[in-house]
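Thanks, everyone. Let's get the structure up on the screen and walk through it.

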Amino acid sequence: MATSETKTNNDTKSSHDDLAITLDYPKFSGLGHYDLYQYQGFWCFAKVIESIKDFQQNFKASETDLVIASTPKSGTIWLKALAFAIVNRFRYPCSSVSKNYHHHPLLTVSPHDLVPFVEFKHDTLDNDHLRFTKNNPTHDSPCRLIATHIFYPSLPESIKTGTTKCKVIYLCRNPRDIFVSLWLFINELRAQLPESNDYHPSLSIEEAFEFFCNGVSVFGPFWDHVLGYWKESLENPHKVLFMKYEDLKKERKTQLKRLAEFIGCSFTLEEERQGVIEDVSSLCSFEHLKNLDVNKNGSRKRTVNKAYFRKGEIGDWENHLTPQMVKRLDSLMEEKLQGSGLVFQH
Ligand SMILES: Nc1ncnc2c1ncn2[C@@H]1O[C@H](COP(=O)(O)OS(=O)(=O)O)[C@@H](OP(=O)(O)O)[C@H]1O
């Protein structure tokens, strides 16, 4: 690893530690790289709490805001790309034969920078990372897009209960694949840290699984995360759209139409005829995004962009989980989601 990267990681870690000293929240150190703190019912990093408080206290939702919410590793980066492509399609055409196609921001900027997480402000390399979200909506781009992993009840009041028509799109994924993706991602982050006496090269799947099942995961417990948004989507379907990674994979066109309609910029019949939905889908496909230079070779402060594009498949859990793990996770989910009507496909 390059010295400058090591220094950045050290700096980031020590600033997390400094802040951590002042925190009065339940703490979990088992992940081995950064401690997790339990804030308003979910587990997250110290620095994130600072940003969340800022978001909760100072964010004022406007009519046209669109909040992309998700549980980590559910394909957030994909939904960010899709939502960005859909709301900006008149300004930035998605068809590769259009003469303006090469100016499309998704070709050169990570979706995580185009639609930033409000809680990861400290992790961006770009001081002006909110430049796209700051854009006032125009007739070309009807929405301001922001993203978050925080629990539904912790969203700012102006998003949840304000008189604004601000909308929330939630993405989740089956817990078996979420767990595997998260475990491998944590190990990817750990691999980028410098070695030290108390540093373990990787977190074993058994350890990580135990933590996950006990509810200790980044922005977990997983089941509380999904249930918060699920219940709100049932009570307030015009406010919260609940989407699943598996549906997006299997019924791409139907789900993109559903997404655009919810946002308030449905595809017209003429657009459908011209293949605009397919264009959006191809622009944001796993293979296409993964192979763009920015997503292959670019990086953020703590993470290389390629870590967000691993396999992009349904069912990779089969390569990692034992039958006993599957059984335990399934019965845990059955117990936690009982009576909610929420089910996952694997
Ligand atoms: N375009 C596209 N299509 C399908 N799947 C995709 C796409 N882009 C990313 N991915 C897969 O999504 C997983 C990363 O999830 P997140 O973006 O939610 O990660 S994060 O929470 O922002 O860290 C991660 O899943 P796994 O491959 O299973 O680890 C990515 O590979």
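The ligand sits in the largest pocket. Keep in mind throughout that this is a predicted model.

So who is around the ligand? The shell holds 21 residues. The closest are Thr 76, Ser 181, Arg 310, Lys 311 and Gly 312. Split that shell by class and you get nine nonpolar, eight polar and four charged residues. Which element gives the largest share of the shell? Helix H3, residues 76–87, with three residues.

Now the polar atoms. Start with the ligand oxygens. A backbone N or O atom of Gly 75 is 3.0 Å from one ligand oxygen atom. His 112 comes in through its side chain, where an N or O atom lies 3.2 Å from an oxygen atom of the ligand. Then a ligand nitrogen. Phe 286 places a backbone N or O atom 3.2 Å from a nitrogen atom of the ligand. How much of the ligand does the protein bury? Taken alone, the ligand exposes 640 Å², and 97% of that is buried by the protein.

Stay with Thr 76 for a moment. We just met Thr 76 among the closest residues to the ligand. Thr 76 lies in helix H3. Is Thr 76 buried or exposed? Its relative accessible area is 5%, under the 20% cut-off, so Thr 76 is buried. The Thr 76 side chain also has a protein partner: a polar contact with the side chain of Ser 70, at 2.8 Å.

Next, backbone geometry. Please look at the loop between H8 and H9. Helix H8 covers 205–213 and helix H9 covers 222–235, with Pro 221 in the loop between them. What is the peptide bond from Gly 220 to Pro 221? It is cis, with omega near 5°. Phe 219 lies in that loop between H8 and H9 too. Phi of Phe 219 is positive, near 60°, and Phe 219 is not a glycine. Phe 219 is buried, because its relative accessible area is 1%.

There is another positive phi to show. Gln 40 has a phi of about 50°, and again Gln 40 is not a glycine. Where is Gln 40? In the loop between strand S2, 36–39, and strand S3, 42–44. Gln 40 counts as partly exposed, because its relative accessibility is 43%. That value falls between the cut-offs of 20% and 50%.

Last, two residues for getting your bearings across the fold. Take Phe 242 first. Phe 242 belongs to strand S7, residues 240–244. At 7% relative accessibility, Phe 242 counts as buried. Pair Phe 242 with Lys 27. The two are 215 residues apart along the chain, and their C-alpha atoms are separated by 31 Å.

Then Lys 99. Lys 99 is in the loop between H3 and helix H4, 111–114. Is Lys 99 buried or exposed? Its relative accessible area is 73%, over the 50% cut-off, so Lys 99 is exposed. From Lys 99 to Cys 265 you count 166 residues in sequence. In space, C-alpha to C-alpha, Lys 99 and Cys 265 are 23 Å apart.

To recap the ligand site. The ligand is in the largest pocket, with 97% of its 640 Å² buried by the protein. Helix H3 gives the largest share of the shell, and Thr 76 of that helix is one of the closest residues. Thanks for listening.

Note on methods. Residues numbered from 1 in each chain as written. Predicted model: local features only at pLDDT ≥ 70, side-chain atom pairs only at ≥ 80, totals over all residues. Heavy atoms only, no water. Near = heavy atom within 4 Å. Polar contact = N/O pair within 3.5 Å; in protein donor to acceptor, adjacent residues only side chain to side chain. Areas by Shrake-Rupley, 256 points an atom, 1.4 Å probe, with all protein chains shown as cover. 1 Å grid on protein atoms, 1.4 Å probe; cavity = no way out; pocket = protein on both sides within 12 Å on 5 of 7 lines; lining within 4 Å. Sits in = over half its atoms within 2 Å of the grid points. Helix = DSSP H or I, 4+ residues; strand = E, 2+ residues; numbered from the N terminus. Nonpolar A, V, L, I, M, F, W, Y, C, P; charged D, E, K, R; others polar. Buried < 20%, exposed > 50% of the residue type's maximum accessible area, 1.4 Å probe, protein only.
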